[in-house]
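Reader: I have a structure in front of me and would like to learn how to read it. Could you walk me through it?
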Amino acid sequence: MAAGEQLKRWAAEKMGALLQMPPDSCAPIVENILGYDDASELKAFLADFTEKSAEHKVNRFVEELFAWRAGPSPQPPQRGQQAAGRGGGDSGGGRGGGDRGGAGDREGDRG
């Protein structure tokens, strides 16, 4: 598959997830997106179609898109690579954080 087709397929999958649409329905949007040469203009355009709470996802998509287009990499970013970088720092203290000082206070309140 040609690099341009890989990029289109990746972009359609990402846009489908962002807009909660089937990727096949995003072809016209993807064609428009790929016409942008300025990341900030594309972020502003996409912001009109997404909820405020998804703004960081849209920005991430645009950053990945422009990095892929600028770099020598023949492959678009993979989902597994993105997921591996998330949440790694919280694994040790996420759940146990409440036990550090709070348990002693609760016991004192009981007696």
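**Reading the fold and one helix**

Author: Gladly! Start with how the chain meets itself: among contacts between residues at least 6 apart in sequence, 49% join residues at least 24 apart. Keep in mind that this is a predicted model.

Reader: Thanks! How many helices and strands does the chain have?

Author: The secondary structure comes to six helices and zero strands. Going along the sequence, the pattern reads α-α-α-α-α-α.

Reader: What share of the residues counts as buried?

Author: Of the 111 residues in the chain, 26% are counted as buried. As for the outside, the accessible surface is about 7700 Å², and carbon and sulfur atoms account for 49% of that.

Reader: Let's zoom in on α4. What is its span from first C-alpha to last?

Author: α4 has 16 residues and reaches 23 Å, close to the 22 Å expected at 1.5 Å a residue.

Reader: Which residues of α4 are buried?

Author: Here is the general idea: an α-helix has 3.6 residues a turn, so residues three or four places apart point the same way. In α4, the buried residues are Val58, Phe61, Val62, Glu64, Leu65, Phe66 and Trp68.

Reader: Glutamate 64 caught my eye. Why is it called buried?

Author: Buried means under 20% relative accessible area. Glutamate 64 has a relative accessible area of 8%, so it counts as buried. This residue sits in helix α4, which covers residues 55-70.

Reader: And how far apart are glutamate 64 and alanine 11?

Author: In sequence they are 53 residues apart, while in space their C-alpha atoms are 9.8 Å apart.

Definitions and conventions
Residues numbered from 1 in each chain as written. Predicted model: local features only at pLDDT ≥ 70, side-chain atom pairs only at ≥ 80, totals over all residues. Heavy atoms only, no water. Helix = DSSP H or I, 4+ residues; strand = E, 2+ residues; numbered from the N terminus. Buried < 20%, exposed > 50% of the residue type's maximum accessible area, 1.4 Å probe, protein only. Contact = heavy atoms within 4.5 Å. Areas by Shrake-Rupley, 256 points an atom, 1.4 Å probe, with all protein chains shown as cover. Expected span 1.5 Å × (residues − 1).
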